[in-house]
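Hi,

Here is the structure you asked about. Please open it first, then read my notes below.

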Amino acid sequence: MVEQKVVAATGNTVVAEAMRQCKPDVVAAYPITPQTTIVEEFAAFVAKGRVHTEYVTVESEHSAMSACIGASAAGARVMTATSSQGLALMWEELYIASGMRLPIVMANANRALSAPINIHCDHSDAMGARDAGWIMLFAETAQEAYDNTIMAVRIAEDYEVLLPVMSCLDGFITTHSIDRVSLLDDESVAGFVGEREAERALLDLEHPVTHGAFAGLGGPYLEFKKAQRQAIERSRAVVKRVGDEYAALSGRPFGVLETWGMDDAEVAVVVIGSTAGNVRHVARALRADGKKVGVVKIRCFRPFPYAELAEALSGVKAVAVMDRAESFGAEGGPLYLETRSALYDASNRPAVVGYVYGLGGSDVKLELVESVYGDLLDIAGGAAAPAGPVYLGAR
Amino acid sequence: MATLKELTHREDRLAGGHRLCAGCGASIAVRQVLLGAGEDPVVVGCATGCLEVSTTIYPYTSWKTPFIHNAFENSAATISGVEAAFKGLKRAGKIPADKRVKFVAFGGDGGTYDIGLQSLSGAMERGHDMVYVCYDNGAYMNTGIQRSSATPKGAWATTAQVGPAQAGKQQRRKDLTQIMAAHGIPYVAQASISHWKDLTEKAAKAFAVEGPAFINVFAPCPRGWRIPFDKTVEIAKLAVQTGFWPLYEVEDGVWRQTVKVVNRKPVEEFLRPQGRFKHLFAPGNEALLAEIQADVDRAWEQLQRRFSEA
Ligand SMILES: Cc1ncc(C[n+]2csc(CCOP(=O)(O)OP(=O)(O)O)c2C)c(N)n1
Ligand code: SF4
Ligand SMILES: [Mg+2]
C-alpha cells in the first residue's frame, strides 16, 4: 500500500483528477448537469498544460461518443463523461463502442431522464443502457468514484476484455458533495494503469484494417455477438483481479458486491450507490436493537454478480431490493429483476420485495429505509409480502 | 498538379470488386478524391450508405487504407476523433512528431445534408485537420431512393411520389456547399465526377490545407435516377453545363468559378434523360418545369455575384 494524500473534494473533482492521472490521449465530451464540473476541471488541466490530452469540445453527446469511438479505434486511450439526456443521446453509439470492442472509459453522473425534466439523481440513465454491452461500475462515495475510474481503465484495456466501462456516481449527492478522499500519487496511478497497447489500430498505417464492417447478408453477426458475450463473461475474472491489485496498492478492498452484517442476517436490503450509506446507518441502529439485518451493495452491475449475490443472500428469509430506476411494464426495477434472477436456483428462496425510491432526487429519508426493514422483519415473522414495486415516499 | 498519366500510375486505395452498382458515381468520386491525396497515408471514414455497405462486406474489404465506419450521421465526428487521437498520440511521443497522415470522411447526401449536418458543422467549426467529402446522389439510395434535402425539386423519390396530387418532391434542394462556405473554413469546393481534373485538383488543395476542408461532389446514381448505367458521366456533365451544379471553390473566403460555362444549356437537357423527372414532361407540368429553370437561373446569378465579389 502506498502513502496517499487525503483531500476534501467533490466526487466530480476527484473523477477529473483520476482522469488526469490516467493520462488519456483523447477526451471528447459535452457538458450536462451534474457532470459539468468534471469536464470543466479537465479543461483547466488542458489549459494549464498538465495533460497531453487532445480535448475535443464536441457539439453534442452523440458526437462525443462518435469521436471517442474514432479515437479509440485509432489506438488512443480515451475517456469521457456524461449524464442523463447526454447518455440517452449516445444510445446508438454505446452499442457501437462495445460492438467494436473499444476500451473507452466514461464517467456517468447519474441523473433522472426527462420527461418531466429533472436534474437530480436517479439511475434511470445508466439502467437504460444496461444492455448496451458496457461494463458498469457504481460508486457509493467520492472515494469509490475515484477508485472505480482508475480501475476502469485497466479493466477496459485488458486484452481479455476490450470493452467500454461506465463508471457511475450519484448526481449531486456524490458529484457535488465535499467528501474525504484519499488520492494516489501520479506515479502510482501511471504505473497501475500502464500504457494502452492497441492492436489492429486504425493508425497502424502499415497494416491497414477496416473497422466497422458490414456483417449482414448471412454474415457472422450472431458470432460477433457471441464473442462479445464471451468477452464480458471473461471480464468477471479481470474485474476481480484488477480490484485485488488495486486494493493492494490503495489499501481499499474492492468487491463486485459488498456486504454488511450478512453473516447471520435474516433480512437484507440490496442497493446501489450513495443510498447504501443511509441503509447501513439504519441497519446499524437496528442491529443495536438486536435485529438481524444486513446490507448488500452492488458495485459492479454489468457483468451482474449473480453467483456472489445468491451466496450473500443464502440464509435470509426476506430481501428488499431498492431500485433508483424504473422498468415500466416489468415486475419491478432493473435491480429487482436481476436479484430475482440470481435467486432462481437457490434452494431456500427468500421473499423478495421491490421498492422504487429516490427518482428525480426525491428524498431518501431514514424513516423510509426504516419502513423497508420494518416490512422485511414483518415478512420474516410470517406476514405477507406487499405487492411491489412499492413507491417509497410517494405522496 | 499531377497529369492524367501520373494519376493513372498512382495506386488506387479503393479496390475494384466492390458491390456498388455498375456505373455508380460514388466509387468514381472516392477514387478521384483519393488520387488527389498524394503520397501521404490516408485514413478514411465513411457514413452508413451505399458506399459503406458495398465496400466492407465482412470478411472482405475494398479499402487498401485504414478505414472506419461508425454510423450514419457521424462520419465527421468519428474522423475528428481519429485526428484527435493522432494529435494526442504525437504529444504522448507514441507517434513521431514529423509523421504526416491525411484524414478524410465520406458521407452521402443523406448522411451529410440531413442527419449528419450537425456532426459535420461541429467538426468543421472545431478546425480538425480533415477533409469531408459528400458524394451527392440526391437521395437516400441505400434504403431505396427516399428523398433527402439534396433531392432536386420535382424529382420522383419513394417518399416523394408522383400522382394527381403531387408531382414528385415539392421543395427546393438545400445549398449545402454555401452553408459550408459560411463556416469560414480554409477550403470549400463543389465538384463533379464528370470533371476529373477539376475534382482531383480540388482534392489535392483540400488535403494540402491545414485545417478543415469540405468538397461536395456530384455523383449520379443510375439506379435511383432511372438512367442507364453507362450514362453516369454524361448526366453529371449536363448538370454542370446547364448550371444545375456549378463548379467552384472558396479558398480563404475567395469565391472562384473553376469551370466556366459559356453557353449555359436549358436545365431540361439535364432533366429529360432521367426517369425520375419523366412526369415533368407530361402535359400540364410546364409551369413546374419553368419554375425549376427559374430556380437554376436565380441561383446561378447569385453565385456569379459572389465570384465577382472576389
Ligand atoms: C440513425 C439512422 N437512421 C436511418 C438509417 C437508415 N439509413 C441507412 S443508409 C440511409 C440513407 C443513406 O443515404 P445517403 O447518405 O444519401 O447515402 P446513399 O445511400 O445515397 O449513398 C438510411 C436512411 C440508419 N442507418 N441510421
Ligand atoms: S443504388 Fe445508386 S448509389 Fe447505390 S450503389 Fe447503386 S448506383 Fe450507387
Ligand atoms: Mg444519397
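Which element gives the largest share of the shell around ligand 2? That is α9(B), with three residues. Bear in mind that this is a predicted model.

**Ligand 2**

The shell around ligand 2 is drawn from chain B. Among its residues are Cys21(B), Cys24(B), Cys50(B) and Cys221(B). Pro222(B), Arg223(B) and Gly224(B) are there too. So are Leu20(B), Ala26(B), Ser54(B), Asn137(B) and Met141(B). Two elements of chain B give two or more residues each: α3 (50-55) and α9 (222-225). By class, the shell has eight nonpolar, three polar and one charged residues.

**Ligand 1**

Ligand 1 has 19 residues around it. The nearest are Gly49(B), Gly108(B), Gly110(B), Met141(B) and Asn142(B). Met141(B) is also listed around ligand 2. At least two residues each come from α3, β3 (102-108) and α5 (109-114) of chain B. The largest share is three residues, from α5(B). The classes here are seven nonpolar, 10 polar and two charged.

**Where the chains meet**

How many residues of chain B are in contact with chain A? The count is 37, against 40 residues of chain A. On the chain B side, β2 (67-69), α4 (75-91) and α6 (117-126) give two or more residues each. The largest share comes from α4(B), with 13 residues. By class, the chain B side has 20 nonpolar, 13 polar and four charged residues.

One helix pair spans the two chains. The axes of α3(A) and α4(B) are 7 Å apart, and the packing angle is about 45 degrees. The two helices are therefore oblique to each other. Their crossing is right-handed. From α3(A), the contact uses Ser63(A), Ser66(A), Ala67(A), Cys68(A), Ile69(A), Gly70(A), Ala71(A) and Ala74(A). They meet Ala77(B), Thr78(B), Ile79(B), Ser80(B), Gly81(B), Val82(B), Ala84(B), Ala85(B) and Phe86(B) of α4(B). This contact has 11 nonpolar, six polar and no charged residues.

**Inside chain A**

Helix α3 (residues 61-74) of chain A also packs against helix α5 (residues 91-99) of chain A. Their axes come within 9 Å and cross at roughly 15 degrees. The pair is therefore roughly parallel. This crossing is left-handed. On the α3(A) side, the contact is made by His62(A), Met65(A), Ser66(A) and Ile69(A). On the α5(A) side, Glu93(A), Leu94(A), Ile96(A) and Ala97(A) take part. The classes are five nonpolar, two polar and one charged. Ser66(A) and Ile69(A) also appear in the contact with α4(B).

Chain A has two domains. Domain 1 covers 5-195 + 211-250, and domain 2 covers 257-391. Their C-alpha centres lie 27 Å apart. At the boundary, 24 residues of domain 1 are in contact with 20 residues of domain 2. On the domain 1 side, α6 (124-128), β6 (135-138) and α9 (221-250) of chain A give two or more residues each. Of these, α9(A) gives the most, with five residues. The domain 1 side divides into 12 nonpolar, six polar and six charged residues.

Best wishes

Key:
Residues numbered from 1 in each chain as written. Chains lettered and ligands numbered in written order. Predicted model: local features only at pLDDT ≥ 70, side-chain atom pairs only at ≥ 80, totals over all residues. Axes fitted to C-alpha atoms, helices over the stretch in contact; angles between N-to-C directions. Helix = DSSP H or I, 4+ residues; strand = E, 2+ residues; numbered from the N terminus. Parallel < 35°, antiparallel > 145°, perpendicular 65-115°, else oblique. Left-handed = near helix turned anticlockwise from the far one by under 90°. Contact = placed C-beta atoms within 7 Å. Nonpolar A, V, L, I, M, F, W, Y, C, P; charged D, E, K, R; others polar. Near = placed C-beta within 6 Å. Domains from an automatic or database assignment.
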